[in-house]
Structures are given as C-alpha cells and as structure tokens.
Amino acid sequence: MNTPYPLTAIVGMDDLRLALLLNAVSPAVGGVLIRGEKGTAKSTAVRALASVLPDVPVVAGCRFSCDPAAPDPRCPDGPHEIEAGTTRPTRMVELPVGASEDRVVGALDIERALAEGVKAFEPGLLADAHRGILYVDEVNLLHDHVIDLLLDAAAMGASHVEREGVSVRHAARFLLVGTMNPEEGELRPQLLDRFGLTVEVAASREPDERVEVVRRRLAYDDDPAGFAARWADDEAALRARVVAARALLPSVRLGDTALRQIAAICAAFEVDGMRADIVMARTATALAAWAGRDEVRTEDVRQAALLALPHRRRRAPFDAPGLDEDKLDRILDEFAADEPEQPEGEDDGPEPEPDGPGDGGPEGGPDDGGPEGGPDGGPGGQPPADPGPQGPAGDGREQPEQPQVPEQPGSPEASEPASSGNGAAAAEQAAVGAADPFKTRRLDVPGIGEGADGRRSRARTAHGRTTGARHPQGALGKLHLSATLRAAAPHQRARGRRGPGLVVRRDDLREAVREGREGNLVLFVVDASGSMAARQRMSVIKGAVLSLLLDAYQRRDKVGLITFRGSGAELALPPTSSVEAGAARLQTLPTGGRTPLSEGLLKAHEVLRVEKMRDAARRPLLVVVTDGRATGGRQPLERSARAARLLAADGVASVVVDCETGPVRLGLAAELARDLHGTAVTLDELRADSVTALVRDVRGTRTPAPSPSPSLTGGRAGHTMRTAPHSPTHTTRNQATRRVA
C-alpha cells in the first residue's frame, strides 16, 4: 500500500485543512467542496485526511461496516448479534468520474431474483464508504443523476436500491468531499447547496513558499515511508485532537445570540432556503469543539459563514462565488451587542493554530504558514478576495457614444466604420457591456442522439421514459419486466416448470430502452465586425448571446465561441463545459473592421470536425449571430454561401440569429440560414416571452443529402410557417451582390 502524504506536512492551505477537519469532527456538517485550479494539492489533502482519522470498529465479515455496538437492524448481511467486533482503518473510497449507477449504489442479480426469489445484492461504493470518506475528484464532470444519488444518500444516511419491485436498503453515512476545477464547468446551484462547506484554493505566488513546496515534495518522493515517519508525531497529535473534539461536541452550547447572528447573516446575503442556517449552526458548533470550548462565539459564527455561504449566496448568472467580509462584520457587530464579555483570565481551552495543524514540523518550513506542499503542489493559505462586480466596459468608465454612419439601402458595408483607401481594417473599438440576459426559446438538435445526459435534445439515455425493450448490450441495465416475462413464457413447459416459480434464463432478459434529453455542443459564431460596432447594438447582441450561454448552462451543454472580424476568425473559447468562461470572453469582446463571414464559418467547420473525433456521441448545434453581411476579398457573399453549404453537407444543425436592424433590411441572414439548411430567428423571436416568438426545432440533417428548408411550428396544431424575411423591405442575396460589385 502506498504511503500517503501526511496532512500535517502540507504547507499552508489553512482553510482547506480546517474544513476537512471540521467534517471529521462533525460529519453532520455535510461535506466539503474544494474549488481550485489544477496542481493545488486538492487531491493530496483529501487523501491525507484518512490517515489522521481514528480506526473504526466493525462487525467481522459484514460488507456494510456495521458498528458492533449498534448494528443496523436492516443490514442486508444481518441480523447481527451485539459483539466486540474488530477494528479497521478509516476508508477513503474514490468515486470515478465514469462510474455507473450500479457501481455507485450496488447491483441486484435480477435473474436470481426472478427465478429463485433471492435478493442477491452486490454492494456499491456507497456501502464501501459507510463510516468513512467518499471522495469525488472532478465532481463537476459527473453525470447529474449520479451526483443526485450520492447527495441523497449523504443527506439521508442510507442508500436504497430499487429494481422492479425488489428493494434493498443499507446504511450509508460518510464524509463527502468533492474537488473541481471551475475552468471545466460549474455545478448546478441546487447541487452546490448540498455540500456543507466550500473552500477556494489557489497556488501561492511567493517564491519562498513555492521553494518549500518543492523541497517537501522531493523529500517525499525520495523516501515516502521515511518522510511520513518524520511527521508521525504531528499526525498522532492531530488524530488525538479530532478524537477530543468529537467527545466535546455534544456538550457545546449554541446560544440565542449566535443563532440570531446566523439568521441575520443568511437573510442579509439572501441565501435560498434554510439549509445554510442549519449548516452554519453545525459548523460553528464544530469550530467551538475544535477550539476546545463548550460555547459558540462570534468568531465561530464568522468563520462558519466564510466556509458555508460563498457558494450559496444569491448572485447573478456566471458570477464567481464570494462573500463581502465587511458586510459580514457589520452584521456580526450589530447582533453581538448583548454577547457577554469573557471574564479576564478565563481558561479558553486550546486555540486553533493560525496556520493549521503541523506548524513547525520537522521539515523546518516557516511555521507551515507559507508555502503549501504535497504531491500536487499547492496554494498559499490566503483566501481569494471577492472579485466583486465586473464593470460593463472593462475599466468601469462610461464609454463615449460612437457616431453611427447612415445605412445606405442595399450596401453590406453601410454600417461599417470608414477604412483607409487600401482596405485596411478600421481601428479596434473598446468592448461594451452586455445588456441584461433574458429567457430564450429552446433550440433543439433534430433526431434522437446518444450523447451525455443533459436537458436539450432528445436522446437514448439511462434515465427517462421507457420507449421499448432490447437484449442487454453488456451488463444488464434497467430490466424491462413485461418484455422479459413475454420472452420466457412460451418456454416454461419445455424447461420443465412444475411449481409457481418462473423458469427464467439469461437469454430471456430484456432491458428497457429509455428516451430522455442530452447535452449538446453549442458553438457560437459571433460577428464582431464594424457592422455590429454601434454601442447600443453590440450591447443588445451580447445580451442575446449571454442569454443563450445561460440557457446552455442550464441544459448542461458544452460551449465554444468563435468570433470573426477584420481579416479572419478566432477561436476565442475552445469547446468546454465552463459556460462561465464563455461569458467572461464575451464581456471583453472588441469590435471593428471588415466582416469575414466565410472565415468564421470555415473555422466552425474545422472546430466541429476535431470535436467529432474527440466525442462522436455529442451532437453539435451551430448558432451564428450576424446580420448576414460579408465583406473583404473577392465575392465575399458567394464564399460565405459555399462555406455554409459545407456545414450543411456535414449535417450540422444550425440557427442564425438575425441582428439586422433599421427600416431597410437586406434579409441576408435568412439567405445564410437557407444555405446552412437551418433556421433564422430575429432577436425578438429569440425571447421566450415574445409575442412573435415560436417554439422552434432546428431541422438539421445527419446525412450529406440536402434537406428541405427549416420550418417554424406554432399557432394551430399542424400549422407550419416557412422561414421568411423579417423586414419591411427585403433585398435578395443576388441583388446585394450586384450592388457590392
């Protein structure tokens, strides 16, 4: 067995170690979510925690780790007699990102259950983690239904497995720890709320601290056992302190003043529900026990708020978690007026070390309060500052209104700023903020896919409504009971059936085919040229794209962002699950120059080709945000049409968001949508609450053959309206081309 890196040897990371140890003292706190960039010792700290936890007494031979002093009366391996039992070290069970539902909760042998009436249950990871630690690395990449399963078990302290009327229940109480890199995508708010505490970690920027990190890491790599032995005394002291805090916890008093402070803080920061209040109360109590005190104080409430509220506070879409500490202090002062002062000379018990456990260890680090060590590197112990609101124009100053050039009828270049005689792009204009986001209509990819679970397009998934039955493909999934019985019924006499039981063979088993929703790859291609540069217009367009990004976040999509302006196109955001990164890139998007629409479409074709090789099951949805104009080079409109037809030949489902405004409109966006075999929608029709908006299915194709023009379905049942120009004055692409010539 590999020797784990000692928890007390990790440099810095005070908040992280404190959060982990508070959960060790009181598992009722609800676990820890650790957020941070890669290489910051997140995993190292979690794996090191198990070695400082006390051994666990268990019933010998019980697969579910029952306590011999109080065995679970409903244990599948029971009933157990009260006995001395045995002890084993606290387990740390890792949940892989790709774990199936059966691997998490356990699996029932349906064949034996039907044929023999036997509940043959194979325990899953939740049973292995009972009375230990369940560690989920990259928890934000888990399927949502798996996260729901483990969070429900953590909340109820038990796991239930139901398969076609056969039910098994077992205890599942564990310390839940999840780690994630926010760059790879966020958790849903309701899932964030189920983690008791959250901690932000970041790598230290101090050279001396980083030197200490490297020194300890190299010493551990050279001799793991010897390195751990040098920290054994500190580890034993920390373990003893955990045991003492657990013993003291039931006698800690949470007074009315502390409760009022907790309630006032949660109300002031506008957190949803009551879970935050409960978690803060439990955390403050555990903090007092960890400090060796029998009563909760203001400093305990403050620290509990810093750990329990940042991921729960009500915030605008895509804001980073955080907490205003000045506001927190004002609330605590207001509600602490009647708190009795500590009598002089009163013994306050052991105070927690400012730099966490293990200070002044044998490695000779600077009181362990500087660099953070461990196999993954590590951040300093300083909590990140609240990023605060982001200014709409980058520097927070109001930008002067840009003069608008009058639009000439039929000229694709009419709205672009004037350029020099040699055709050079106009000067880059400062980025403007996005307008307020709004709820958008759902845009679907046609057909039935088989991608990752999500909330956008129809797909065959492990969850959803049952639509049919089939022979199992690999391990049996969800049993289709009626189809299995129909398959077995004709063979009962030939199989020698004599009693009431049903003779079932493996060939009779049928699994359910289910249809749910999948997440897609939503690739945005945004026109950032001079024709979009009017300040108010670009702000509205950014607001529309931000709304679509928010919709993609809620539907669990991956997103990518391509912008085109000047002489080419740029992949501003490679496809990622971090919709927040897309919103950040959008806010700083500059505008100006010509409109190389064809380059933007060709860049999209290349990106989608590469992504298909990486993940063929995730179907793409192309969203082109433009007015359809194309300038620069020879025959720009014709080149754009050829690029669009190339995407259509690959079966890419597309929608064009028509940004054209003004009394005279060319209708070029609708022409582009036809070339893409997609759908054109105006900004107004994109709104879910718009009177003119219609529920749309993007009618793409999965074959190179041309498909009919997409349609918009609405009004009376079965009534279809064909895509049409959305302007009072419509000019065809051919007319526009002749005028450009």
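**Overall fold and selected local features**

The chain contains 21 helices and 23 strands. The structure discussed here is a predicted model, and every value below was computed from it. Of the 741 residues in the chain, 52% are buried. Among contacts with a separation of 6 or more, 79% are between residues 24 or more positions apart. The accessible surface of the chain amounts to about 33400 Å², and carbon and sulfur atoms contribute 50% of that area.

A good place to begin the tour is an open sheet. Six strands make up this sheet, in the order β17-β16-β15-β18-β19-β20, and their pairing is mixed. Strands β17 (568-576) and β20 stand at the edges with a single partner strand each, so one side of each lacks a neighbour in the sheet. On average, neighbouring strands of this sheet are turned by 20 degrees against each other, when direction is ignored.

Within this sheet, strand β18 (residues 620-626) runs parallel to β19, and six bridges join the two. Here valine 624 stands opposite valine 656 of β19. Helix α20 packs on the sheet, where it touches β18, β19 and β20, and its direction makes about 180 degrees with that of β19.

Moving along to the edge strand β20, strand β19 (residues 653-658) pairs with β20 in the parallel sense over four bridges. One of the matched pairs is valine 655 with its bridge partner in β20, threonine 679. Together with helix α20 (residues 668-676), β19 and β20 form a right-handed β-α-β unit. Strand β20 (residues 679-682) has buried residues on both sides: Thr679 and Val681 point one way, Ala680 and Thr682 point the other way, and all are buried.

Strand β7 (residues 133-136) offers another example of a strand covered on both faces, with Ile133 and Tyr135 buried on one side and Leu134 and Val136 buried on the other. Two pairings of β7 can be followed through isoleucine 133. With strand β4 (residues 92-94), β7 pairs in the parallel sense over three bridges, and methionine 92 has isoleucine 133 as its bridge partner. With strand β10 (residues 175-180), β7 again runs parallel, joined by four bridges, and the bridge partner of isoleucine 133 in β10 is leucine 175.

Helix α17 (residues 579-587) shows how burial can be arranged around a helix. Its buried residues are Val579, Glu580, Gly582, Ala583 and Leu586. Viewed down the axis of α17, these buried residues fall within an arc of 155 degrees, so they line one face of the helix.

Finally, a few backbone details deserve a closer look. Most peptide bonds are trans, and most residues other than glycine have a negative phi. Against that background, glycine 78 and proline 79 are joined by a cis peptide bond, with omega about 0 degrees. Proline 79 lies in the loop between β2 (56-58) and β3 (86-88).

Two glutamates also stand out. Glutamate 138 has a positive phi, near 55 degrees, although it is not a glycine. This residue sits in the loop between β7 and α6 (144-156), and glutamate 138 is partly exposed, with a relative accessible area of 22%. Glutamate 270, likewise not a glycine, has a positive phi of about 55 degrees. The loop between α11 (256-268) and α12 (275-290) holds glutamate 270, which counts as partly exposed at 44% relative accessibility.

Note on methods:
Residues numbered from 1 in each chain as written. Predicted model: local features only at pLDDT ≥ 70, side-chain atom pairs only at ≥ 80, totals over all residues. Heavy atoms only, no water. Buried < 20%, exposed > 50% of the residue type's maximum accessible area, 1.4 Å probe, protein only. Contact = heavy atoms within 4.5 Å. Areas by Shrake-Rupley, 256 points an atom, 1.4 Å probe, with all protein chains shown as cover. Arc of directions from axis to C-beta. Pairing = 2+ DSSP bridges. Right-handed = clockwise from strand over helix to strand, strands pointing away. Axes fitted to C-alpha atoms, helices over the stretch in contact; angles between N-to-C directions.
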